[in-house]
Each structure stands twice: as C-alpha cells, then as structure tokens.
Amino acid sequence: MPTPEAAAIAAELRTAMGKLTRRVKHEDRIPLGQVAVLGALDRDGAMTTSDLAADQRVRPQSMARTVGLLIEQDLITRRDHPTDRRKSLVELSDAGRAALEAERGRRAGWLAQAIEAELTDEERALLARSTALLDRLATR
C-alpha cells in the first residue's frame, strides 16, 4: 500500500502529465494511433500486422485498418515475409519516415519553446534531472 505522500505525488503527476500530453497532441497532424505505428516501425523495423497489434496492444482487426490507412497514404509499404509466404511485413516508407520526423519535430518544438518561455534556468535543470526518473517509472 503506498504512503499518503506517494499517493498524492502520483495523483498530481498523473494530472500534470495528462494536461501536458493533451496540449502536445494539439501539435499533431497525424492521428495518435497512426503515429504510434510509425514510431514502432521506426524503432523496431519491419513487422507483421499481428506483431504491430501486439506491440500496440490493439486487436489485429484494428491494426489491419490502421495499416491500410497508412499504406493508402504511402507512409508504409508492404512486402513479402522472407521465411513465411503466408505473412507479409510492413515497414516505413521514405515518406513515412519524413512524416514521423516532422510530427516529432512539431511536438518537441512546441515543448522546447514552452520550456524556454515558462521555466527558469533552475527549473530547467530540475526538469532535465526529472526526465530520467519519469523514464524509470515508465519502464517499471
């Protein structure tokens, strides 16, 4: 059972991160689910639609729709699986990589401007140290 202090910090952190996440989403031009797929393909390389569905924790049918939309937009391509002819792999296209980089740039650009405009030097240093802690919590 968490201490009252840990519970209070958790509630405040969840609220603040939710607000920040919603604000950063305003910079998005590509729907979040599609960006998540592009990001997974960028990090992990070519995958089957089933592997993408498992990675993103969605139903295979939902992932098939997302993959279809991304193929229609030329953001990903499909190719034969090298060892199993029943399967195919999807991977980022050059246009998909460029769109993902632009999306990441918009998000990071807005956040960097907000950090510069709103935080003191001391607060920026504290935030920089806090990112490692947040990352540690996220991977628990």
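Helices here are DSSP runs (H or I) of at least four residues, strands are E runs of at least two, and the numbering starts from the N terminus. With that in hand, R57 can be placed: R57 sits in the loop joining α3 (49-56) to α4 (60-72). Keep in mind that this is a predicted model. Below is a quick tour of the annotated domain, the largest pocket, two loop residues with positive phi, helix α3, and a couple of residues in α4 and α5.

**The annotated domain**
- UniProt, in an unreviewed entry, lists "domain: HTH marR-type" for residues 6-139.
- That span, residues 6-139, comes out as 72% helix and 7% strand.
- From one end of residues 6-139 to the other, the C-alpha atoms are 18 Å apart.

**The largest pocket**
- If you're thinking about volume, the largest pocket holds about 920 Å³ of space.
- Its lining counts 23 residues, and those closest to the pocket centre are M17, L20, L111, L127 and L134.
- Three elements each give two or more residues to that lining: α1 (4-25), α5 (94-118) and α6 (121-138).
- Helix α6 has the largest share, supplying 8 residues of the lining.
- Sorted by class, the lining of the largest pocket breaks down into 16 nonpolar, 3 polar and 4 charged residues.

**Two positive phi values in loops**
- R57 isn't a glycine, yet its phi is positive, near 60°.
- In sequence terms, R57 takes that phi of about 60° just after α3.
- R57 counts as exposed because its relative accessibility is 77%, and the cut-off for exposed is over 50%.
- D74 is another non-glycine with a positive phi, again about 60°.
- You'll find D74 in the loop that links α4 to β1 (76-80).
- The relative accessible area of D74 is 52%, so D74 is exposed as well.

**Helix α3 and its buried face**
- The buried residues in α3 include T49, L52 and A53.
- Look down the axis of α3 and its buried residues fall within an arc of 100°, which means they line one face of the helix.
- Among the elements covering the buried residues of α3 are α2 (32-44), α4, β1 and β2 (88-92).
- Take T49, which belongs to helix α3, as a worked case.
- T49 is buried because its relative accessibility is 16%, and buried means under 20%.
- Leaving out residues up to four places away in sequence, T49 touches P60, M63, A64, V67 and R78.

**I71 in α4**
- I71 is located in helix α4.
- With a relative accessible area of 26%, I71 lands in the partly exposed class.
- I71 and G96 are 25 residues apart in sequence, and their C-alpha atoms are 9.5 Å apart in space.
- Setting aside residues up to four places away in sequence, I71 touches I76 and R78.
- R78 therefore turns up in two contact lists here, that of buried T49 and that of partly exposed I71.

**R107 in α5**
- R107 is part of helix α5, one of the helices that give residues to the lining of the largest pocket.
- R107 is partly exposed, since its relative accessibility is 23%.
- Once neighbours within four places in sequence are dropped, the contacts of R107 are V24, E27, D28, L32 and V35.
- R107 and R79 are 28 residues apart along the chain, and 31 Å separates their C-alpha atoms.

Conventions
Residues are numbered from 1 along each chain as its sequence is written. This is a predicted model: local features need pLDDT of at least 70, side-chain atom pairs count only at pLDDT 80 or more; totals for chains, interfaces and linings use all residues. Side-chain values use heavy atoms; hydrogens and water are left out. UniProt positions are given in the numbering used here, feature names are shortened, and annotations may be inferred rather than shown by experiment. On a 1 Å grid over the protein atoms alone, a cavity is a set of points where a 1.4 Å probe fits but cannot get out, and a pocket is an open set with protein on both sides within 12 Å along at least five of seven lines; lining residues have an atom within 4 Å of a point. Grid points are joined across faces, edges and corners, and a volume is the space filled by probe spheres set on the points. Ala, Val, Leu, Ile, Met, Phe, Trp, Tyr, Cys and Pro count as nonpolar, Asp, Glu, Lys and Arg as charged, and the others, Gly among them, as polar. Buried means under 20% relative accessible area, exposed over 50%, partly exposed in between (1.4 Å probe, protein chains only). The arc is that of the directions from the helix axis to the C-beta atoms. Contact means heavy atoms within 4.5 Å.
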